[in-house]
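Colleague: I am new to this structure and would be glad of a guide. Please choose a single part, look at it closely, and then show me how the surroundings connect to it.

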Amino acid sequence: MAGHGTDEHPHGADRLCETGDRVYSRAVRRGRVPRRDAEPVPCLLELALLHPDPDDMDWLVPTSPQEVMTRLLRGVYDEVSASQRMVGSAVAAVEWYAGLGPRPRPAAGEGAAIRVLDGLARIQAAMDEATEACTTEVLTVQPGGIRPEHELTEGLHRALALRGRGVRMRDLYTHVARHGQGLINYLELMGGSVQARTLDEVIDRLILFDSTVAFIPANADRTLALELRHPALVQYLVTVFERLWRLAIPLTAPLPDTGIEGISHREQSIAALLAEGHQDAVIAERLGISVRTCRAHIARLSETLGAASRTQLGVRIAQVGLDGPARPAGVTPLTLPGQESRPVR
């Protein structure tokens, strides 16, 4: 779509170009249009008048004219005294489009059950809007390893705004995140308004506001996101979070001892995933560590358990009980190969 940027479409949603007017009108009449029809008019996507259909990404569905009008009026509200003509133009434009549709669509306050957010700018805008409306609690799941400083800084303004309104925040991370000084600094800055816990592995990224709206990624590089407002779907995600939260360990508490001498908590997690048959890359991704680090831990496991091959390592893992849930220390004495003379604490 090179050559079709905003320089060729210098207008807002209240005064579309001729081609944009024709494509958006067709979308309102029919309920959706093929994505290829909108390629000559990227302004419709940039202005969020069209967005991807969550059921078929090759199609675009129109934002309701009423929602467009609400958005326009919100943007010019602070300048209304100097922008009376702009307000009149916006209202006239969207009222004309509203008359094209066979049935009225939900107003902005009601929203769609699932909305596709295309592009980082649109995702950030939707997140900022949800932050402003939030009054009670925010739940987040942050997969991966140590949180980069730029990610923590990126969301700091939202977190500070929430703290200022007394909103509670609960965050779930992988155990690896404990080693990031940036996260420690962030939690110290936020004080008691944020609680953090960690698990061996968590689900993909999830952000929930007031148990009414959720955001999840829609592609691998997170340039697409889904905004979910269906009550049943959001409540399901809240339940998933609460069950993970109950199993997680507070960030301020130490990780439990494995009960097996010479084997760390992380190596115990790796051993359990190896026993399930996962490859190194999959294990590394699920635990939030690099493949190189994962292989270094596997080498240590082999050495500690006296395994000369990958197959033998699997046998040793099963023998000492690392292929399932951790056993509390002292309940069942375990011995490693070559250490039969003494129990492993």
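Modeller: Let's begin at Ser211, which is partly exposed with a relative accessible area of 38% (buried means under 20%, exposed over 50%, and partly exposed in between, with a 1.4 Å probe and protein chains only). This is a predicted model, in which local features need pLDDT of at least 70 and side-chain atom pairs count only at pLDDT 80 or more, while totals for chains, interfaces and linings use all residues. Residues are numbered from 1 along each chain as its sequence is written, and side-chain values use heavy atoms, with hydrogens and water left out.

Ser211 sits in the loop that links strand S8 (206-209) to strand S9 (213-217); strands are DSSP E runs of at least two residues, and helices are H or I runs of at least four, numbered from the N terminus. The phi of Ser211 is near 55°, a positive value in a residue other than glycine. That deserves a second look because most residues other than glycine have a negative phi.

On either side of this loop, S8 and S9 run antiparallel and are joined by 3 bridges (two strands pair if DSSP finds at least two bridges between them). Within the pair, Ile207 stands opposite Phe215 in S9. Step back and you find an open sheet of 8 strands with mixed pairing, in the order S4-S10-S9-S8-S5-S6-S7-S11. Strand S4 (114-118) and strand S11 (249-250) stand at its edges with a single partner strand each, so one side of each has no neighbour in the sheet.

In that order S8 is followed by S5, and S5 (residues 137-142) is where Glu137 is placed. Glu137 counts as buried, at 16% relative accessibility. Leaving out residues up to four places away in sequence, Glu137 touches Val167, Arg168, Arg170, Leu208, Phe209 and Asp210 (contact means heavy atoms within 4.5 Å). With Arg170 the link is also a polar contact of 2.9 Å between the side chains. A polar contact is a pair of N or O atoms within 3.5 Å, where within protein one must be able to donate a hydrogen and the other to accept it, and residues adjacent in sequence count only if both atoms are side-chain atoms.

Now for another loop to set beside Ser211. Ala48 lies between helix H2 (43-46) and strand S2 (50-53), and its phi is near 60°, again positive in a residue other than glycine. Ala48, however, is buried, with a relative accessible area of 14%.

S2 belongs to an open sheet of 3 strands, ordered S1-S3-S2 with antiparallel pairing. Its edge strands are S1 (33-34) and S2, each pairing on one side only. The pairing of S2 with S3 (residues 56-62) is antiparallel over 4 bridges, and here Asp53 stands opposite Asp56 in S3.

S2 also holds His51, which is buried at a relative accessible area of 15%. The side chains of His51 and Thr63 make a polar contact of 3.4 Å. Beyond its neighbours within four places in sequence, His51 is in contact with Leu45, Trp59, Leu60, Val61, Pro62, Thr63, Arg115 and Val116. Look at the last two of those names: S4 spans 114-118, and S4 begins the order given for the sheet of 8 strands. That brings us back to the sheet that holds S8 and S9, the strands on either side of the loop with Ser211.
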